[in-house]
Amino acid sequence: MSRTTFFERNIGRTRNIGRITVEVLDGRTRQQLCFLDKVEPHATIGEIKSLFHKSYQQLYPARQDLKLDPKGKSLRDDDVLQNLPVGTTATIYFKDLGPQVGWTMVFLAEYLGPLFIYLLFYFRAPYIYSHQDVFTSSPYSVVTLACACHTCHYIKRLIEAIFVHRFSHGTMPLRTIVRNCVYYWAFSAWLAFYINHPLYTPPSYGDMQVNYALAIFVLCELGNFSIHVALNNLKAEGGPKCRRFPHPTKNPFTWLFFFVSCPNYTYEVGAWASFSVMTQCLPVALFTFLAFIQMTIWAKGKHKTYSREFKDYPQLRMPIIPLLL
């Protein structure tokens, strides 16, 4: 157990308001970890985390999860102590989230893998197919188009991760990154193996099927990028503490906001569905189906948050599929 005094120079001077004593307990064992004396009432949870970090150097703020109840909701960094249901003594429960990694590195790890793994299969690197097929190419143009679409999709994601996305939470647990990488990398290898296989056969309806699917894929990719830019602009205009729900802009791709809460997921599912049709490959269809399930869960959660937080939220909007779901 350690004891730390919160000096006035850390937060400010408020002599007319009583100080608060903060006790930090282990959320699992209930053992006292830290005791913070004379904390200013307007101190934030983020500042409490910084003080806790001084006592436990390995537990940096992004690794800390603080709650007022062990089974309750996590406290936000911008929560102010005096606005929480605590008296002169606040008992806070701590949970170690484990090693954390920044979101940019998360996406680099998740997306660089599929990008390069697919290309290994496309160029038929050694030890993937038979010896006589090493560094040979498919006679079908759809295989080359599929490679171009897959490559552009993940390059787009990398560009968005570096230049577009803004994250409310700055890190992700390392164990989650490992799980996500296994998912993306394994599926990329599985679908690439079949699409680039020497025995692969083109779609049943030939060029017509490929070209229509390709057109839908391109439109969905443009739509997905447009939605991400619109969401980024919304956060940039309002600031991190401004709460507004997204609206359609002059960009026609954003008009899908009239009908769904998460059009970025709608476009993402559309892109992978068209890729499935273009390649007529079962592993791609399975990946699309699993992605649709996960994105539907995310979209429903976001839709529920919007509906609960904003009384004027449009009732016509559905989570992910217009008028249906």
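In this predicted model, Leu-290 lies in helix α8. Its relative accessible area is 33%. Leu-290 therefore counts as partly exposed, because that class runs between the 20% limit for buried and the 50% limit for exposed residues.

Leu-290 belongs to a nonpolar surface patch of about 760 Å². The other members are Trp-190, Tyr-194, Leu-286, Phe-289, Ile-293, Ile-297 and Trp-298. Helix α8 spans residues 282–309 and helix α5 spans residues 174–195. Each of these two helices supplies at least two residues of the patch. The largest share comes from α8, with six residues.

Gln-209 offers a buried site in another helix, α6, which covers residues 206–238. Its relative accessibility is 12%. Gln-209 therefore counts as buried, because the cut-off for that class is under 20%. Residues up to four places away in sequence aside, Gln-209 touches Pro-203, Ser-204, Val-277 and Gln-280.

The UniProt record, an unreviewed entry, carries the annotation "transmembrane region" for five spans. These are residues 101–123, 182–200, 212–231, 252–267 and 273–298. Two of the spans were examined for secondary structure and end-to-end distance. Residues 101–123 are 87% helix and 9% strand. The end C-alpha atoms of that span are 32 Å apart. Residues 252–267 are 31% helix and 0% strand. Here the end C-alpha atoms lie 13 Å apart.

The same type of record, again an unreviewed UniProt entry, places the feature "domain: TECR-like N-terminal" at residues 21–96. This span is 14% helix and 34% strand. Its end C-alpha atoms lie 22 Å apart.

Strand pairing was traced around β5, which comprises residues 89–96. Strand β2, residues 20–26, pairs with β5 in the parallel sense. Six bridges join β2 and β5. Within this pairing, Val-22 has Ala-90 of β5 as its bridge partner. Strand β4, residues 64–67, also pairs with β5. The β4 and β5 strands run antiparallel and are joined by four bridges. Asp-65 has Lys-95 of β5 as its bridge partner. Strand β5 thus takes part in a parallel pairing with β2 and an antiparallel pairing with β4.

Notes: Residues numbered from 1 in each chain as written. Predicted model: local features only at pLDDT ≥ 70, side-chain atom pairs only at ≥ 80, totals over all residues. Heavy atoms only, no water. Buried < 20%, exposed > 50% of the residue type's maximum accessible area, 1.4 Å probe, protein only. Contact = heavy atoms within 4.5 Å. Patch = residues over 30% accessible without salt bridge, like charges linked within 9 Å, V, L, I, M, F, W, Y side chains within 5 Å. Areas by Shrake-Rupley, 256 points an atom, 1.4 Å probe, with all protein chains shown as cover. Salt bridge = Lys/Arg side-chain N within 4 Å of Asp/Glu carboxyl O. UniProt positions renumbered as here; feature names shortened; annotations may be inferred. Pairing = 2+ DSSP bridges.
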